[in-house]
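Trainee: I should be grateful for a close look at one helix and its setting. What does that helix contain, what covers it, and how do other parts of the assembly compare?

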Amino acid sequence: MDGGHWPAVLVVTPLVGAALCPIIGRRFPNFAGYWALGVFTAVSVAAGAVTYAVSTNGPFSYHMGGWPPPFGIELRFDEFSASVAVIALIGWLAILYSLSYAKHAVPEERLPYYYALLLLCLGGMAGFAVTGDIFNMFVFLEILSLSSYALVAIAGERIAELASFKYLVMGAVSSLTILFAIGFLYALTGTLNMGDLSVRLAGVETFPAAVAVAALTLGFSVKAALFPLHIWLPDAHATAPSPVSAILSGLVVKVGVLGMLRMYQMLYDSQVFDLKMLNDTLMWLGAISIVMGALFAMVQEDIKMMLAYSTISNIGYIFMGLGLASTFGIIGGAVHVFNHAIIKATLFLGAGALIYQTGYRDLKDLRGIGKAMPVTSACIAIGAVSIVGIPPTAGFLCKWYIALGAIEAGRIFFAVTLLFGALLIFVYYIRMLNAFYFTPPLHAHLMDVGEVPLTMLVPIVVLAILCLVMGVFGRIPLSFIEPAVIDMLAPLGG
Amino acid sequence: MRRALIIALLVLAAVPLLFGVSQLPPIGSTGNPTYTHVVPRYLEEGAEEAGAENIVTAVILNYRGYDTNGEVTVIFTALVAVLGVLTFAKATAAKSEPAEETPVPAPPMPVSPVTRFIVRILAPFILLFSIYMVIYGHTSPGGGFQGGTIVGALLIAVSLVSGSAQAKRLLPERIRPWLQPAAVLAFALVGVAGLWLIGPYLSFPVEGELVFLRTPWLTIIEFGIGIGGAAIVASIFWAMEGSD
Amino acid sequence: MTRIFDILLYALLISCALMVIRTKDLLGAAIIFSTYSLVMCLVWQLRGSPDVALTEAAVGAGVTSVLFLITVARTTRRER
Amino acid sequence: MRVLWTNIDYAASVVLFLIGLYAVIAKGNLIKKLMGLNIMETAVFAFVMATGIVTGGDAPILGKGAEPPFANPLPQALILTGIVVALSTTALALSLIMRIYERHGTIESDDLWGVE
């Protein structure tokens, strides 16, 4: 075990920290946020340690309870589970941001619960990302889903509970679909360990396996908000407090993508049936998501609503990359998971800062804010440029890779859709930047608002700088993830 | 019209599902992969190496203890979520009337004397039964969570019969926040002890001189789950009833 | 013989489920739902899983139903 | 058809699952939706439990007088976890319903549609 005991620190600390959070919040009301930040600092260190271990020594696993894999639960650390590094980064910044933001957005009595739920959500995500056991995956999926539903409702905005309830029903149905699929896989193979499953799936009855795969895909597509199943997303992401929106949009929807990647790893390994139909479906749904998400985003007035629809569009890119089943496509898709997380966190935290200072959410009310809050607006502009995919920024390389993948797979149509989608995205972000910088303000008093407190400004600036850095050094995550993808596609014969 | 469409869609979904389940290995056969792959080790060696004659307990506390760690976190999440969603009502009430030290309890529902009598008589026995269930969870059916839920249900019954104020005296506000995460903390305690003395997180001794620790550790976890489960179930009820 | 008993139990389960859906009175639906859980608990007890049966009886038929009842009491009893 | 007869437990849980799904999609009342969700949950649990059935299998509790065959303990352990997860989801959903009722005075989704 190369990672020492860091894996255990990574998954257990947030859960224990969250368990103590209400107690601490009751004793020292102002301390809960700092407690959460401290706990999550430890988690971040652990995430860094395991990522470092993966990058130097390659994949390794940690056997919970000391039982060897098919009998006990295995934590598996490979290039995909390095996503804990992104979870740690964005989670830490979101908690830091919350220290000021939550004070005015969340009712005071709920603050300890707010931080406990944040820790549970992030901890559940970390556990989900590193587990090597499908049932354990379901358990951690539930931790993170339950805490996300509650986090949507916790600010108590006008339709927050309704949005949360809609999210809960769809999320619970999708979790059950996933559990149903787990039952199918267990009945077919008698094992729950992913590595073991990919061996034993070879040679089982094809039709039940296909039903299981369809159910898993359905479940994870709901979690990831792929187009026809996205209806829970806009309300939930727009009504949640902004740091929560950043986590939901940046990380929680990616859980669906990560689940799909895990499923693909098993399927490519076992070659249980031809994946062409699944891949085609994903590609088409991805393409439709890109276009529809962008079209809906165009007509939104509310800035957070617009960002929420933009997430659907970007999830479309990722699924298209997965469905292409070519090395470039999957690398592009997987790296877009990381990059989109950073970019969307920048945008949501930036939008939250605007709302915090002005109290307005609509683009027309926020006109001219670029002069009043120059730093925040500049960061949002950087995020917008990145998400469109203009060359020196983070969004460019992965979209480029997905397009290359489409050409490599001989799917020119999808490469064209991708470019068209980028154009549409460009249009609505231009609309936003136009409102910020080039339109006279609607409310003159907005000119006097200053920048947000430092604890809120620092995360935004750090993320915006990362958007630029990821653009310049974008090859690093690409080459990091490449061996995993090549390994995954190896059974296809190149 | 809409209803007919939904039913048609569901019937359409039923066809592949039913066809799929008809091709699964036949139920009940001992030759199924579910019965020949992982499970034989649990059944043959579980009692010795995991330390519980009830193999289900052996699986949930030892082989797949990490799952159960997640499970208790899920129910703790539910509690925090319920409190997070519902405490707002109290906050607004506090602002409107400053004297909220003694919240007005909802008038108790009229309860027939027979019910009240039965609950009062049965309560000690139910408590005894659930403690038995927690202690003997590794040799007989039941275990921490079942016992804890029954205690929680008992607290709910007492709240319904004699009002929540009465029931809350059994679980005072001062110690409740410490009892709610008892299960998570018990897991962390045993997990770290295992990490320190034996190997990975949540390791139990399998053989050697430390093996005497195994039963106490299992019991700590069972009690943690029991206490936590009872406190959480009762607290969720009180929060939803509006008396908290 | 046991097969027939199984089928009876499953028929009972399915009819309970349908009745939960069809009952307009939410209080009644909650109580039928509790019956449904108890029948499910019986099925599991017969299949050699007393642990799960016990949990389902305590959680599904007990606590879940109480939570449903209290919600019905605090909101509305009629479904439109 | 004969095979479906052997796998009747699976078939029954599929039917229950779809009945629950129908309630979740078609019913307007939020509490009814939630009951449908609970039926679905129990159905999935029944499905997973059915994978562990062994004909004539006793409870997997070793000790004096216990004779094989035993029922499969693994699905039982999984479903114990699953039941707790179901309870947690239900509790949260019910408290959301209470807040929705407090705020909007109705729990019929047809009426709530206009609010959004």
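Mentor: A helix here is a DSSP run of H or I with at least four residues, numbered from the N terminus. This is a predicted model, in which local features need pLDDT of at least 70 and side-chain atom pairs count only at pLDDT 80 or more, while totals for chains, interfaces and linings use all residues. Residues are numbered from 1 along each chain as its sequence is written, with chains lettered from A and ligands numbered from 1 in the order in which they are written.

Consider helix 2 of chain C, residues 26-46. Its 21 residues reach 30 Å from the first C-alpha to the last, close to the expected 30 Å (1.5 Å times one less than the number of residues). After the helix comes C:Gly48, with a positive phi near 75°. Among the buried residues of this helix are C:Leu26, C:Phe33, C:Tyr36, C:Met40 and C:Trp44 (buried: 20 or more other C-beta atoms within 10 Å of the residue's own, placed from the backbone; exposed: 12 or fewer; partly exposed: in between). Their cover includes helix 1 (2-22) and helix 3 (50-74) of chain C, and also helix 3 (30-50) of chain D.

Helix 11 of chain A, residues 276-298, offers a second case: its 23 residues should span 33 Å at 1.5 Å a residue, and this agrees because its end C-alpha atoms are 33 Å apart. Its buried residues include A:Leu282, A:Gly286, A:Ile290 and A:Phe296, and they pack against helix 8 (206-224), helix 12 (303-324) and helix 17 (412-437) of chain A.

Chain D also meets chain A: 25 residues of chain D are in contact with 22 residues of chain A (contact: C-beta atoms, placed from the backbone, within 7 Å). Helix 3, helix 4 (73-104) and helix 5 (109-115) of chain D each give two or more residues to this side, and helix 4 of chain D gives the most, with 12 residues. By class, the side has 15 nonpolar, five polar and five charged residues (nonpolar: Ala, Val, Leu, Ile, Met, Phe, Trp, Tyr, Cys and Pro; charged: Asp, Glu, Lys and Arg; polar: the others, Gly among them).

The contact of chain B with chain A takes 50 residues from chain B and 52 residues from chain A. Helix 5 of chain B supplies the largest share of the chain B side, 19 residues. That side divides into 30 nonpolar, 15 polar and five charged residues. B:Val82 touches, among others, B:Ile236, D:Ala91 and D:Leu92.

Technical notes. Contact = placed C-beta atoms within 7 Å. Lists of a residue's contacts leave out its neighbours within four places in sequence.
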